[in-house]
2 protein chains.
Amino acid sequence: MKLDSEHLEILAMIVERGGLTEGAEALGKSQPSVSRTISNLEKRLGMPLFELGRRPLQPTHFGRALAEIGLRIHNLNKEAQRLAYHFSKGYAGHIRIGGTPIFMDGVISHMLADFQERADGVQFDQSYGYLDSLLGNLRNKTLDMAILPLRDDQTPMDCDFRPLIPGRNVIACRSGHPLARKGPITLKEIDAYSWVAPPANSPLFRDLKGAITSIGSENFKFTFSGGTLASIQSFLVRTDCLTVLPYSVVYLMKSAGQIVSLPIKVSHPDRKLGILTRKGEDLTPMLKTFISFLEEQCENLECRMARETRIAQGRP
Amino acid sequence: MKLDSEHLEILAMIVERGGLTEGAEALGKSQPSVSRTISNLEKRLGMPLFELGRRPLQPTHFGRALAEIGLRIHNLNKEAQRLAYHFSKGYAGHIRIGGTPIFMDGVISHMLADFQERADGVQFDQSYGYLDSLLGNLRNKTLDMAILPLRDDQTPMDCDFRPLIPGRNVIACRSGHPLARKGPITLKEIDAYSWVAPPANSPLFRDLKGAITSIGSENFKFTFSGGTLASIQSFLVRTDCLTVLPYSVVYLMKSAGQIVSLPIKVSHPDRKLGILTRKGEDLTPMLKTFISFLEEQCENLECRMARETRIAQGRP
DNA sequence: CCAACTTCATAACAAAAAGCGATGTTAGGG
DNA sequence: CCCTAACATCGCTTTTTGTTATGAAGTTGG
């Protein structure tokens, strides 16, 4: 015999409040309404839920036992309400985010951590990939958003692109590196060192090649390639190798004091790091708040980087 | 915004069964019914619960999260159904039982333990008392049943009395007692020992006096009185005192091998041990099954006692 | 790529449930 | 004994739920 969960909740409220009238009040219903509900429930169960002939309605043992279950149901219902509220306000939700490895590891992961503190109901599914795979996953809806470098004219028709940070690259090395303490650096000095490269199919790898040629060097000795940011960093601090990384990544790594950027101008790719989402689909509230959080954080980061640059160039 | 718990249950079933149609089937409802329910729920929440444009209806993360809560509600609802079923069938319930101490300790407590195995959802509140207090507690509904010795004509108007066992008393002593190994016992021999008595306000105490005078003795030396069955028993096994106890109590104590009854006829009170309940009130199913269990057990006990008596008298 | 099939959404209507105010009934308290 | 608070009942309206019939959209297998 199926019981209506709502009836059990009503029973629970009556028992908890110690009376039918108070219970009805707490439920926002009229007294006759809950009276009949209880009456019907008793009829259906074939057993009294309340002692009859007692004015401050007193539950039977059976009624009390059912009311306990009803209370638990009521609490779960309230939990569901909270959940719905959090989801609707963007305090909770699920985000499947994919992006290019270096930038995800070097910049976005920090922001994920910060965002977690603000919206503790969020759950991230992170994955890595380059344009093609990210776009594919966006389209087949296994990804909610992608973070990658993109030229404005590269934006696919069915997607929206929100730029976060310009794609400015720098040459990076360990902080004790012989080149790090010098002022101007000559091409010949740089040619003396070999390079650490990201995976060969990454855009950053093409950037690396462009950057090296842009400063006139043609030395392409790769001592190490194919690693993630963590292994690149570990390798750099233990050798005198150089590498090319987004300035934002190096900037955030600087605080650890192991990696620095060299004061050499290199060619910048005409791409911007940004967020790619499916077009014409209303984002979940969670996704909206997260995206605006990222935009805010990146703007802040860019501001700090600009100040740092001015200082380095002697222009306070 | 209040959610309907039943809607959450429906959502849970759809997610669990992997489709709206199967979910509707499992719920015993038509497919359009649950379809509209979900549709309304989504409208109310302002967020989709299922990915649109997917034929085997696939829940969103939000839908899945709500469904989990719905499933827990559904399980609680089923638990409530089980509870109601158990109560209605007498497999579960609460029994407030009061009775005269010696009989409760010596006979009923054994049966409570046995009953517990048969109906594991039962919960006993046991208390002690004599006629007046038991009757009072029955009337003000702090007691569901009382167990006590009563004359048929003593039954109060507003109560029902169900006899369980005739009130037959015997003289009891420790098994190694000098009188225990003899055949016929003379009055003079009995007079040599002093007595252990139950509380002075108990009916058993009056029985004791009656029994002693019935065998002609006028020796009323009370070495010990006022204790419960446990202390009477402890006292008896360590002394040569005698006492008067209901035969049923002694019979059940015999199996431990420390207490025996003496083969002397004593006067029997014209009362029967039985169950007193409020009249004109339909007993809970639990109480009904328990009472019939007690009746069955006592009949069985009486039968065993009768056989024992025949054997003791040499009539197999 | 096109049937054929499944699966879900919608419409229209009937039935049940839940809501309410007015009012009757009863237990508890001076 | 009467009064009051608490609950039950009645009559009515509104809302919800359920059903069948039917249409639309996604899936599948060739």
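This briefing walks through how two protein chains meet two DNA strands, and then looks at some sheets and helices. Keep in mind that you're looking at a predicted model. Around DNA strand C there are 18 residues, and around DNA strand D there are 19. Away from the DNA, we'll visit an open five-strand sheet in chain A, another open five-strand sheet in chain B, and a pair of packed helices in chain A.

**DNA strand C**

- Start with the residues that come nearest to DNA strand C: from chain A they are Lys29(A) and Arg36(A), and from chain B they are Thr21(B), Ser35(B) and Arg55(B).
- Of the atoms of DNA strand C that come within 4 Å of the protein, 57% belong to sugar and phosphate.
- Thr21(B) has a polar side-chain atom 2.5 Å from a phosphate oxygen of DNA strand C.
- For His7(A), a polar side-chain atom sits 3.1 Å from a phosphate oxygen of this strand.
- Gln31(B) goes for a base: an N or O atom in its side chain is 2.9 Å from a base nitrogen of DNA strand C.
- Which helices each supply at least two residues of the surface near DNA strand C? They are α3 (31-45) of chain A, plus α2 (20-27) and α3 (31-45) of chain B.
- Sort the residues of that surface by class and you get four nonpolar, eight polar and six charged.

**DNA strand D**

- Here the residues that come nearest are Thr21(A) and Arg55(A) from chain A, along with Lys29(B), Ser30(B) and Arg36(B) from chain B.
- Sugar and phosphate make up 54% of the atoms of DNA strand D that come within 4 Å of the protein.
- Leu20(A) uses its backbone: an N or O atom there lies 3.3 Å from a phosphate oxygen of DNA strand D.
- Two arginines of chain B have polar side-chain atoms by base nitrogens of DNA strand D, with Arg36(B) at 2.3 Å and Arg55(B) at 3.2 Å.
- The surface near DNA strand D gets two or more residues from each of α2 (20-27) and α3 of chain A, and α3 of chain B.
- By class, the residues of this surface are five nonpolar, eight polar and six charged.

**The chain A sheet**

- Strands of a sheet pair through backbone hydrogen bonds, and they can do it parallel or antiparallel.
- In chain A, five strands line up as β7-β6-β8-β5-β9, making an open sheet with mixed pairing.
- Why do β7 (222-225) and β9 (259-261) of chain A each have one side without a neighbour in the sheet? They stand at the edges, so each has a single partner strand.
- Going from one strand to the next, the twist averages 35°.
- Further in, β6 (residues 195-197) and β8 (residues 242-246) of chain A run parallel and are joined by two bridges.
- Val196(A) stands opposite Thr243(A) in β8(A).
- Helix α8 (residues 203-214) of chain A packs on this sheet and touches β5 (169-174), β6, β7 and β8, at about 120° to the direction of β8(A).

**The chain B sheet**

- Chain B has an open sheet of five strands in the order β2-β1-β3-β10-β4, also with mixed pairing.
- Its edge strands, β2 (121-128) and β4 (159-166), each pair on one side only.
- The average twist from one strand to the next is 25°.
- Eight bridges link β1 (residues 92-99) of chain B with β2(B), and the pairing is parallel.
- Look for Arg96(B), whose bridge partner in β2(B) is Asp125(B).
- Helix α6 (residues 131-139) of chain B packs on the sheet, touching β1, β3 (145-150), β4 and β10 (272-278), and its direction makes about 150° with that of β3(B).

**Two helices in chain A**

- Helices α10 (residues 247-254) and α11 (residues 285-312) of chain A pack with their axes 11 Å apart, at an angle of about 80°.
- That makes α10(A) and α11(A) roughly perpendicular to each other.
- From α10(A), the contact includes Tyr247(A), Tyr251(A) and Leu252(A), while α11(A) brings residues including Leu301(A), Arg304(A) and Met305(A).
- The contact counts five nonpolar, two polar and three charged residues.

Definitions and conventions. Residues numbered from 1 in each chain as written. Chains lettered and ligands numbered in written order. Predicted model: local features only at pLDDT ≥ 70, side-chain atom pairs only at ≥ 80, totals over all residues. Heavy atoms only, no water. Near = heavy atom within 4 Å. Polar contact = N/O pair within 3.5 Å; in protein donor to acceptor, adjacent residues only side chain to side chain. Helix = DSSP H or I, 4+ residues; strand = E, 2+ residues; numbered from the N terminus. Nonpolar A, V, L, I, M, F, W, Y, C, P; charged D, E, K, R; others polar. Axes fitted to C-alpha atoms, helices over the stretch in contact; angles between N-to-C directions. Parallel < 35°, antiparallel > 145°, perpendicular 65-115°, else oblique. Contact = heavy atoms within 4.5 Å. Pairing = 2+ DSSP bridges.
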